[in-house]
Amino acid sequence: MKSKNNRRIIVAVSLALGMAMTIPVVGNWQQRDQRQNRAPAQQREGIPAGIVWYGKLSDGLEVARATQKPILLVSAAPQCAGIPGMW
Amino acid sequence: MDESFLSDANIIEASRDFVCIRTATYEDAEEAEFLEKIYTGRSGDLENTVFALLTPDADEFLSRSGRGPQFAYRSPGQMADAMRTISLAYPGNDSEVTILPQMKNFRLALNVASCDALPLVAAVSDDPDQLATMSAALSSIAFSDALAGRFHFVATNTGDVAGIHGYKSNPGIYVIMPGTYGTDGEILAKVEADASLEEFSSSLTQLAASASMPDKSHNQHVRTGMTNGHNWETEIPVTDQMSLRAMQGRSQNQSQRGQRDQRRPGG
């Protein structure tokens, strides 16, 4: 009985370790694509509404001061590992 | 950049009561100084992405700052609720502003348009007065319900647009489809500098409804970009540790590939 339980524990621990070691092997980029709900290289019809961004900090700050509206500030690099065309 | 928050319909709706600023990291030294005051990671250096909600004078935080909205909010819904509450406290005034929401130059605008998979609307002229008139006209329609967030904008001179496929070297407003890597593009439509605004706005609305924009895969894009030797020179040095490691890995791979090619007979 005891050895059966031990065997179960060993199998459970092995499975947990196996899963833990597998996760980082999956490509980070694939995970990122899935997180962002992106379909790989497809076309989408029509352009959905989006946020209107002031791309120059000075312009945005001037508008915020003039209109007294709060600021949503984001910055992102328009290149990934030096490759343009992708945040 | 976490697009699951910033493309959420409730956040987009709440953003209409905010002034939304999205700078390009490492593309302007002065902006980098400002961003460093908002957020730096453990290394103390400016990272690839920064996020915060701020008061109108940008002196106080209205949210926790971090690498992205997910640092401050558990879900897009929670962020949208917080934005609605903030906009009640800061309702703004009726000042009319005619500043075009645009990137700081054409090169950057084309790249950012490619990153977002959106067409770029470029007011093009070498005459500063004509450029100012076209920019003011564009700023009056950029926030309309039909067009808001569906295009990027830039005001530029004829020299900058010279390399764009289909450009005929005269002033006007051009709609440009950015290339996959944002370093080239193609003219989709052109409006004369003196065309009526209604006409142009209606053309853009039709284009927004019918355009087919590419939906890129991050993995595939970066891998193909590396293989084909695409490279973006930033205005100031990159300091994000993760990016630096990725770039180092890339140059090691390229140098190994170069050595292999040299060893090949006739290579």
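The exercises below work through a predicted model of a complex of chain A and chain B.

**Exercise 1. Take stock of the two chains and of the confidence in the model.**

Step 1. Start with the elements of chain A. It has 3 helices and 4 strands, and from the N terminus on they follow the order α-α-β-α-β-β-β.

Step 2. Do the same for chain B. Its secondary structure amounts to 10 helices and 7 strands. Along the principal axes, its C-alpha atoms occupy a box of roughly 70 × 50 × 35 Å.

Step 3. Look at burial. In chain A, 34% of the 87 residues count as buried; in chain B, the figure is 40% of 267 residues.

Step 4. Look at the contacts inside chain B. Among those with a separation of 6 or more, 59% join residues 24 or more positions apart.

Step 5. Check the scores. The predictor assigns the complex an ipTM of 0.92 and a pTM of 0.84. The average pLDDT of chain B is 92, and 95% of its residues score at least 70.

**Exercise 2. Describe the side of chain A that touches chain B: which elements supply it, and which classes of residue does it hold?**

Step 1. Count the residues in contact. Chain A contributes 56 residues and chain B contributes 83.

Step 2. Assign the chain A side to elements. At least two residues each come from α2 (28–35), β1 (42–45), α3 (57–67), β2 (71–76), β3 (79–80) and β4 (83–84) of chain A. The largest share, 10 residues, belongs to α3(A).

Step 3. Sort by class. This side of chain A is made up of 29 nonpolar, 16 polar and 11 charged residues.

**Exercise 3. Find the sheet that includes strands of both chains, and state its order.**

Step 1. Find the pairing between the chains. β2(A) pairs with strand β1 (residues 19–24) of chain B in the parallel sense, over 6 bridges.

Step 2. Locate residue pairs. L73(A) is opposite I21(B) in β1(B), and S75(A) has T23(B) of that strand as its bridge partner.

Step 3. Complete the sheet. It is open, with 3 strands in the order β1(B)-β2(A)-β2(B) and mixed pairing.

Step 4. Identify the edges. β1 and β2 (50–54) of chain B each have a single partner strand, so each has one side without a neighbour in the sheet. From one strand to the next, the twist averages 10 degrees.

Step 5. Add the helix that lies across the sheet strands. α3(B) lies across β2 of chain A and across β1 and β2 of chain B, at about 75 degrees to β2(B).

**Exercise 4. For α3(A) and α3(B), list the buried residues, and say why they fall on the same side of each helix.**

Step 1. Take α3(A). Its buried residues are L57(A), G60(A), L61(A), V63(A) and A64(A). They lie on the same side of α3(A) because the arc they cover around the axis is only 160 degrees.

Step 2. Name the cover. The buried residues of α3(A) are covered by elements including β2 of chain A, and β1 and α3 (29–38) of chain B.

Step 3. Take α3(B). Here the buried residues are E31(B), A32(B) and L35(B). Their arc around the axis is only 100 degrees, so they too share one side of α3(B).

Step 4. Compare the faces of α3(B). Exposed residues A29(B), E30(B), E33(B) and K37(B) sit on the face turned away from the buried side. The cover over the buried residues includes α3 and β2 of chain A, with β1 and β2 of chain B.

**Exercise 5. Q68(A) and A81(A) have positive phi values. Place each in its loop and decide whether it is buried, partly exposed or exposed.**

Step 1. Place Q68(A). This residue comes just after α3(A), in the loop between α3 and β2 of chain A. Its phi is near 60 degrees, a positive value in a residue other than glycine.

Step 2. Classify Q68(A). It has 15 C-beta neighbours inside 10 Å, and therefore counts as partly exposed; buried would take 20 or more, and exposed 12 or fewer.

Step 3. Place A81(A). This residue lies in the loop between β3 and β4 of chain A, with a phi near 55 degrees.

Step 4. Classify A81(A). It counts as buried because it has 21 C-beta neighbours inside 10 Å.

Methods: Residues numbered from 1 in each chain as written. Chains lettered and ligands numbered in written order. Predicted model: local features only at pLDDT ≥ 70, side-chain atom pairs only at ≥ 80, totals over all residues. Contact = placed C-beta atoms within 7 Å. Nonpolar A, V, L, I, M, F, W, Y, C, P; charged D, E, K, R; others polar. Pairing = 2+ DSSP bridges. Arc of directions from axis to C-beta. Axes fitted to C-alpha atoms, helices over the stretch in contact; angles between N-to-C directions. pLDDT = per-residue confidence, 0-100.
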